[in-house]
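Here is a brief report on one protein chain. Keep the sequence and the 3D view open while reading.

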Amino acid sequence: ERALSDLLVPENGPLFFDGSCEHPTSPTLARAGFSMVQVDVETYKLLWSCYGAVSRDLRQTAQVAERFAVSWGMGQIEPRPAADRALGYSDCQTVVNGWCATSGGGRIAPRYKHAGFFKLCAKMGWKLGALKKTEADRKFADVDSLGDRQQILEVRGNAFADTFAARGVVL
């Protein structure tokens, strides 16, 4: 095992974050997991992955897991300059909106779900160079024939993140 700061080289490719939850409607069985992966920008291969179960102290939902993935990942990376240059992707629009609203010094409406979470992350100094939205549940075969390298990268990265978030659920 190595520290994330040793693994993260922003120029090698973007980060992908994801959250997942099994049995979300059951207070007893619900279990959420999260992941952060980095994919090589040239080969689309997985460079490394980190994943785990969302703390039982938090609600076990996919929405919480999506937020946990980004905050956990950003909280682990030191020194900060590596994360500050990194490009990240999430398939959760509310995560992208909330993160971008607060990380740039912007304001987020108090009524916005999980506003306190995003404000805390900003206060801690956790930020990315950029966090962008990627589409969920696209298949590699759907974009491979198009030859669009960016779309292929996003589909592969999101698929890796989704796979590892599901593994975090069973921990």
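How many bridges join strand β1 to strand β2, and do the two run parallel or antiparallel? Eight bridges join them, and the strands run antiparallel. This is a predicted model, and the report starts from its sheet.

## The sheet

The sheet is open and has five strands. Their order is β3-β2-β1-β4-β5, and the pairing is mixed. The edges are β3 (46-53) and β5 (130-133), each of which pairs on one side only. From one strand to the next, the twist averages 20°.

Strand β1 covers residues 15-22, and strand β2 covers residues 31-39. Within this pair, G19 of β1 stands opposite F34 in β2. D18 has S35 as its bridge partner in β2. On the β4 side of β1, the pairing is parallel, with three bridges. There, L15 stands opposite G88 in β4.

Strand β2 also pairs with β3, through seven bridges, and these two run antiparallel. V37 has S49 as its bridge partner in β3. The hairpin of β2 and β3 has six residues between the strands. In that hairpin, Y44 takes a positive phi near 65°.

## What encloses the strands

Nine of the nine residues of β2 are buried, so β2 is largely enclosed by the rest of the structure. In a regular strand, side chains alternate between the two faces of the sheet. In β2, both faces are covered. R31, G33, S35, V37 and V39 are buried on one side. A32, F34, M36 and Q38 are buried on the other. Strand β1 is also largely enclosed, because seven of its eight residues are buried.

Which strands does helix α2 lie across? Helix α2 (residues 62-76) lies across β1, β2, β3 and β4 (87-90). Its direction runs at about 145° to β1. Helix α7 packs on the sheet too, touching β1, β2, β3, β4 and β5. The direction of α7 makes about 145° with that of β2.

## Two nonpolar cores

The largest nonpolar core has 28 residues. L15, F17, M74, W99 and L128 touch the most other members. The elements giving two or more residues to this core are β1, β2, β3, α2, α4 (93-103) and α5 (115-123). Helix α2 supplies the largest share, six residues.

Another core, of twelve residues, lies apart from the largest one. Among its members are V37, F160, A161 and F164. V37 is also the β2 residue whose bridge partner in β3 is S49.

## Aromatic pairs

How many aromatic pairs does the structure hold? It holds four. One of them is F16 with Y89, which is stacked: 5.1 Å centre to centre, with 15° between the planes. This pair links distant parts of the chain. F16 is in strand β1 and Y89 is in strand β4, 73 residues apart. Both F16 and Y89 are buried.

The rings of F34 and W72 have their centres 5.1 Å apart. Their planes lie at 55°, so this pair is tilted. Here too, distant parts of the chain are linked: F34 is in strand β2 and W72 is in helix α2, 38 residues apart. Is each of these residues buried or partly exposed? F34 is buried because its relative accessible area is 4%. W72, with a relative accessible area of 25%, is partly exposed. F34, F68 and W72 form one aromatic cluster.

## A closer look at N158

N158 sits in helix α7 (residues 149-169), the helix that touches β1, β2, β3, β4 and β5. Is N158 buried or exposed? N158 is buried, because its relative accessible area is 7% and the cut-off for buried is under 20%.

Which residues does N158 touch, not counting those up to four places away in sequence? They are F16, D91, T134, E135, A136 and D137. Of these contacts, F16 has appeared already: it is in strand β1 and forms the stacked pair with Y89.

Terms used. Residues numbered from 1 in each chain as written. Predicted model: local features only at pLDDT ≥ 70, side-chain atom pairs only at ≥ 80, totals over all residues. Heavy atoms only, no water. Helix = DSSP H or I, 4+ residues; strand = E, 2+ residues; numbered from the N terminus. Buried < 20%, exposed > 50% of the residue type's maximum accessible area, 1.4 Å probe, protein only. Contact = heavy atoms within 4.5 Å. Pairing = 2+ DSSP bridges. Axes fitted to C-alpha atoms, helices over the stretch in contact; angles between N-to-C directions. Core = buried A, V, L, I, M, F, W, Y, C linked by side-chain atoms within 4.5 Å. Phe/Tyr/Trp six-rings, centres within 6.5 Å; stacked < 30°, edge-to-face > 60°.
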